[in-house]
Structure formats: C-alpha cells, structure tokens
Amino acid sequence: MEQELIDIECYRKTVKNYIDLRRYQTALFWAEKVTVLSNGEPRDVYWEAQCMFLLREFQRAAHTIRSRGLEKTNLLCHYLAAECLNEAKEYQAALEILNAVDCETLSCAMSVRIASCTTSSMKDDSTTDESHDGSVYEEPFKNDIIASVYFLKGKVLESMDNRSLAMDCYVQALHKSVYCTEALDALVQHDMLMAWEEKELIQHIPMVQQCTEPERKVLKRLYESKLKKYYESIAMQANLDDPPVSSMNTSLWHELKEKMKNCKNNETSKSAVSKSFTPAPRSKQKPTEIMSPANKILEDLKNNPSYLIHTSLTRASLLGTSLTGGSIMLSAGGTNSSRQETPFRINRPKINTGASTIPYDQCMDKLESSIDLMIARAEKYFYNCDYRRCIKLLEEILKNDPYHKRSLTVQIGCLMEMKDCNRLFYVAHKLVDFYPDNAISWYAVGCYYDLIGKSDPARRYLSKATALDRLYGPAWLAYGHSFAKENEHDQAMAAYFKATQLMRGCHLPLLYIGVECGLTKNHAMAEKFFYQAMSIAPLDVFVLHELGVIKYECEHYECAEEVFRSTLEMVRTMVKQNNEQLTARWEPLLNNLGHCCRKNKKYEEALEFHRWALSLKPLNAATYTAIGFVQALMGQLYDAVDSFHKSLSLKRDDVFTTTILKYVIEDLTEEQTLPFYSAEGVEEDFDDKEGDQAELSKDEGHKALTKPEPHNVADGDSEEVSGSVPRPTLRMQLNFDEWYTKTSPMSDTSADDMSIDI
C-alpha cells in the first residue's frame, strides 16, 4: 500500500498567506509546525521567529534563532535576531551579535527561495536562467539585506550615544544599497551631517552602479529634496570670497570669514580632508583648568576628533574587500579611485513598453505631487519665512495623509510662528488621542502651552517628549525656549547643549546658546557661538542679526550698523523672492538699525528706520520712544513730546519714557535748548534702553523651527521648525546729569517667536 505524503510546502504557503492577512498568531501556529516537520531548516526557523517579531515577542524570537546558533551562520537570521534585541532595548546584546561575525561572509542560501515566494520585486529583471541556483539575482537581494544590517547597527550605536560610528554605519548602508532611504533619513532628519556633507554624500553614493540612468535621475531628485534647506534662503554664491550682498563692506566680510574659520573644527572644512582614518589628536588641556559648560562645548567642537564624510565613503567603498579601513588612504581630491564597484543591476535588458512602464518626463511630473517632494517645498517656504504659502501647502498634504510626522513637525512650527493657538490646540489634541506614545504628540502639547504663556506645563510636556524620543531635536530646542522665556538662562543653555550634541549639522542650538550668553552679558562668549553657528550656516540672516546685536552692545556701532544693513538687504532679497512685503517679524531689525544710526549721528536715517519699523508693528511703545528720542536730539522738541505721549499711552509705566519726557517738557517750559542734552550725553543715557531694545530684538529676531521644533524665532530655527522664543526683555539703566536710576528687569515681550528645526 502506497504511503500517504504530506507536502510541507503547502504549510509554508499557509504561513505566508496568514502573515499577509496580519493573522500573526495563526501564522505562528503553523510556522512552528513547519519548523518541527523540516527538522529546523533555517528558512522555517526564520519565519517562525518572524511571526514572533510581528507579535512583538522580541525575546522569544531572538531565543528561537540563538538557541540553534543561526545568528552566526545565516544572514537573515543574523539580522532578525539583532533587530529583536534592538526592539527589546537590549542594545549591548544586539551589538555583540552584529560584531560577532562579518555579515558580508554569511550565507544567504535561503534568500532566493524566500524572495521568490514573498518579494518577487527584489529580483533583478535580467534574471532569465534559474539553473544557476539563483546566483544571478541573489546578489542584489543580499546587498539589500546587508544594507539593512548596517542600518540596524547604526540605530543601535545611536541609541548608545555613539553617534560617530552610527553615522559611519548609515553611510555604509546607503552605499551598499542606494535604495535604503531610512539610512539617509537618519543622517538628515537627525542633523548628523553638515549641509555640504549631505551634498557630498549624494554625489558619491554609487547610483550609477546600482541604477539605470532614468532610475538614477529619479533617485537623485527624491534624495536632494530631503537635504537641508535653511541655507538656501539666500542662494549661496559659488565664490564666497565676495560679500553675500553688494552693500556689505568687503573688509567686514573677510573679517567674518576669518573668525568663522577660526571657530571651525576639521569637520566643517572641506579642504582639510584627513588622509588617513586616524583622527586628529586632541589638544592637551591643563589638568587644573576648570571650564564653564559653554567653554567646554566650544572646546569640544574645536578639538574633538572630527567626523569626515570622505572617510566613511571610502570605507564604505571597500566593503567586501580584503583591505582594512585603517590602512586605506584617500586621494588628493578626497575621493577614492579604487572603489569597489557593485555591477549588479547594470546590464539589464532594454525595458519593453508595457503597462508597468512610464515615460521619464511624465514620471517626474507625477512625482511632484508625492508627499516627500511636497513637504520639501513646504519646508523651504518655512525657512524663507513664507508661512502663508507653507501652511496652505501643508493643508493639502495633511488632507491626504493627516498623520505624516514630518509634515506635522513643520505644521506645528508654522502655527507657532503665526501664533494660531486654536489650531495648534486642535492638532495637539488630535495627536495625543491617536499617538499618545509618540514624542511629536507631547511636543505639540508643550508648544501650545508655551504659546499661551504657561511655561510650567509647557516644560512638563516637552520634557515628556524628550523622554519618549531622546533624539528628537525640536523638542530639546523648544524645551530650552521654555526656560529662556523665564530668564532661566542656565537651564535653557543646558537644553541647548544637549541639542548641540544631537544636532551636529544644525546651527540653531549654537545660535540659541549665543543668545543666552548675550542676555547674561557674556558678549565675548556669545560672539564665539555666533561665529560657530555661521561656520555651519554662513548666510543665515538670524545669526547675522544676533551678531549685530552683540556688536552694538560692545559699542562697536559702525560695525553693528554694517552687519544690520547687510542683514536687511539679505532679508529684502529673500522677501522679494517670495513676492511679499516685509512683515512684523523684521521690526526688531529695523529698530536696531535705527539705534545704530543714531549712535553714529545719522539722525535722519535713524528716524526713517524707526518709522519703517512702526509701519510694520504700529502699536509698539518702544518704537515711539526711540522716535521721540531721535527727535529730541534733532531739536524737534514738540514732535518728541508727541511721540513720548503716544508711547506712554501704550505703556504707562515705562521709566525711561517718563523720565526723558519730563526733561523735554522742562526745557520747553524754560524755552531753553536742553543744556544737559548734549548729543553725546544723551547717547550715553540711552545706551541701556538700546540694550533693552537689542535684547528684545534678539528674541524677536531669531529663527525657530520646531522640527523640528525648534523655537527659533524666525527660521523655524527651531520652533523646529528645528522656533525662537521671544525673550523677556529690557534691562534699562539711565544716566542723566544729576539723576540716576536703575530699574529691575522688565518683561514686555511675549513668546514672540518659536520655530521648529526640521
């Protein structure tokens, strides 16, 4: 009698069918039976562990693989076991598995059969002969798996705060498979690379070797849309030897460039590419030297072994060769002429016209409506301070995908900039309802409370956001802003320091640290941080504005005026590109420029700038006081009295305005010409008031991207978008001939600008 037979392959198909139907428990039931029937064949063990992973039984899945030793012999099992331990937050155990063997040497024999059953799209189109045991199309799929292994290793290292090695792994993953978009997202969204490093990476990943020419063009367009955009607010010139705007003094521009160069470390200098993998030695510090946290950050930025994109690219190009990374030298041009080519996917047969093909031009037109390219345009609008167009485009995006995280980050920053607390409340409430375990939900809640002026709950919820995702930069920036609004400078700088560590390629944390140093009257330290920020974003108008404020407070009035004028011209160029007019955001810049002109005895110009500022923000008491002060210096006493009265109608308890009005009225009564009001004397008296205005401007003039949130004032600088927060403001100290008074700090600005860092 013929013995009855059982076809195990039918059970394998059953397992895969139930996985596709998301019935993971049923799939696991049959997967375990298949494993028993096949005597623990690697592919069956893999699918059994995969079912456990999908059921979030991470420890059980890892044990299933490790108990049979498959993590050391099979590539897919090696990858799955490490990923299970990573999800279980056992980072050291995951790293030990990843480091135990070279994934390049592991067998992938079962990948062909798995691929044929589940992911036929992984196969190379050129495969026509299956008699070679799948060797023709096994290599591409194996490279995708190896890329995933490198990406996973990068995630583990980043979770262990080893960001330099994590960056290296992400670059290797992208080099092994140019389609591994998660590796690029990790590098870009976590601000691991400088802007020029991102461009360098895109230029050197092997698209030509792994894609056809049309595919390469599509991939390059999609990847370039993910790169940083804040440095594009003013188109960078090919030759930075010339000033960014024609009106800027050449000597000033060269001075700024020289100071930026001195602040740069090796990682921001393209020309100083290391010729070996050995990092530059640390500069020795005196053992007894005690540095402040701010000084320590600057020293770390300058002296720490730097990460070089060229080093990672060269190491990645040598994967799979017998050469070791430590002995490889870069060519003089920074590229490696001996990079290993990965020729798969090159010699494909000519694509025949069919239902699945589409002309290249039509493809690019359709892709413009994809969510990634649309959010890239929205981010560019945000960084250009074009919030109306940004929010309009975001509404279109979120209509189709209402919970797209990247879009929501930009939307939160945009709503902060527009001070639309009602819509922000709605967005935050919706996110908390649907995604209570996601950092962006509590970030939105914290931004809402910050916007309505409730700092305590804002800090509580922003702290929760950072606890849920320690790598979420916008939340750290917004957290710092919540302290800065209350003049708690130490706590604010602590949050910004953490953001600096996490956001290596973003200038916003450095900008905000500089602002806090300026508010504590540590002008020299503030200037150093601004130059460090400029080494990352040389033409950022918000950094230039803050630098002008510091120059003013250091009584370098001519230099401050030059910086403010250059900033204004850059802003006007940016606004012209957006087909808009200057908005109230730039009122502090115009007022500060007016103060500088007054200090430099250019009273007519000062009056013109203050009136321009008044047209942007009509109900600003400080602007009326500044106008009245200039009018008094010009001898227009009646006009000055009128301006002071308008100021007091808006802010009755302003000490400076009340005092100077008293003296002007006394002089008018005595029909004298203000004997004590020599131009120089009065200038000195108004210094502190100017300082106050400058501080106010600082707060109002920063960028903030909450992205990122970032509370940067303008750029999305961090109200991420990566927002700046309006600072409590004036410290005034007025000195007249025989009158002296010192007022306590007064806060007359509300949270002006929060931005997000995207």
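Which residue's side chain meets that of Asp642 in a salt bridge? The views below come from a predicted model, and the first of them gives the answer.

**View 1. A salt bridge within helix α33.** The side chain of Asp642 meets that of Lys646, with 3.6 Å from N to O. Both residues belong to helix α33, which covers residues 637-650, and because they are four residues apart there, about one helical turn separates them. An α-helix has 3.6 residues a turn, so residues three or four places apart point the same way. Asp642 is partly exposed, at 41% relative accessible area. Lys646 is also partly exposed, at 39%. Elsewhere, Glu9, Arg12, Glu41, Arg43 and Asp44 are joined into one network by salt bridges that share partners.

**View 2. A salt bridge between helices α18 and α20.** The structure holds 32 salt bridges. One of them pairs Arg406 with Asp372, and their closest N and O atoms are 3.7 Å apart. Arg406 lies in helix α20 (residues 405-418) and Asp372 in helix α18 (residues 371-383), so this pair ties together parts that are 34 residues apart in sequence. Arg406 has a relative accessible area of 11%, so this residue counts as buried. Asp372, at 28%, is partly exposed. Side chains of opposite charge can pair when their charged atoms come close.

**View 3. Asp386 and the second largest cavity.** Asp386 forms a salt bridge with Arg389, in which the closest N and O atoms are 3.4 Å apart. Asp386 is buried, with a relative accessible area of 0%, whereas Arg389 is partly exposed at 35%. Asp386 is also one of the residues that line the second largest cavity. Others in this lining include Asn384, Cys385, Met574, Val575 and Trp586. The cavity holds about 60 Å³ of space. Sorted by class, its lining has four nonpolar, four polar and two charged residues. Rolling a probe the size of a water molecule over the atoms shows where empty space is left.

**View 4. Helix α32 and its two ends.** Helix α32 runs over residues 621-633. At 1.5 Å a residue, its 13 residues should span 18 Å, and its end C-alpha atoms are 19 Å apart, which agrees. The helix is mostly covered, as 13 of its 13 residues are buried. At its start, a side-chain oxygen of Asn620 comes to within 3.1 Å of the backbone nitrogen of Ala622. Just after the helix, Gly635 has a positive phi of about 85°.

**View 5. Helix α30 and the residue that follows.** Helix α30 takes in residues 587-599. Its 13 residues should span 18 Å at 1.5 Å a residue, in agreement with the 19 Å between its end C-alpha atoms. In α30, 13 of the 13 residues are buried, so the helix is described as mostly covered. Lys601, just after α30, takes a positive phi of about 65°.

**View 6. Helix α9 and its buried residues.** Helix α9 consists of residues 163-176. With 14 residues at 1.5 Å each, the expected span is 20 Å, and the end C-alpha atoms are 20 Å apart, which agrees. Here 12 of the 14 residues are buried, and the helix is mostly covered. Among the buried residues are Arg163, Asp168, Tyr170, Gln172, His175 and Lys176. Met167, Cys169, Val171 and Leu174 are buried too.

Notes. Residues numbered from 1 in each chain as written. Predicted model: local features only at pLDDT ≥ 70, side-chain atom pairs only at ≥ 80, totals over all residues. Heavy atoms only, no water. Helix = DSSP H or I, 4+ residues; strand = E, 2+ residues; numbered from the N terminus. Expected span 1.5 Å × (residues − 1). Buried < 20%, exposed > 50% of the residue type's maximum accessible area, 1.4 Å probe, protein only. Polar contact = N/O pair within 3.5 Å; in protein donor to acceptor, adjacent residues only side chain to side chain. 1 Å grid on protein atoms, 1.4 Å probe; cavity = no way out; pocket = protein on both sides within 12 Å on 5 of 7 lines; lining within 4 Å. Points joined across faces, edges and corners; volume = space filled by probe spheres on them. Nonpolar A, V, L, I, M, F, W, Y, C, P; charged D, E, K, R; others polar. Salt bridge = Lys/Arg side-chain N within 4 Å of Asp/Glu carboxyl O.
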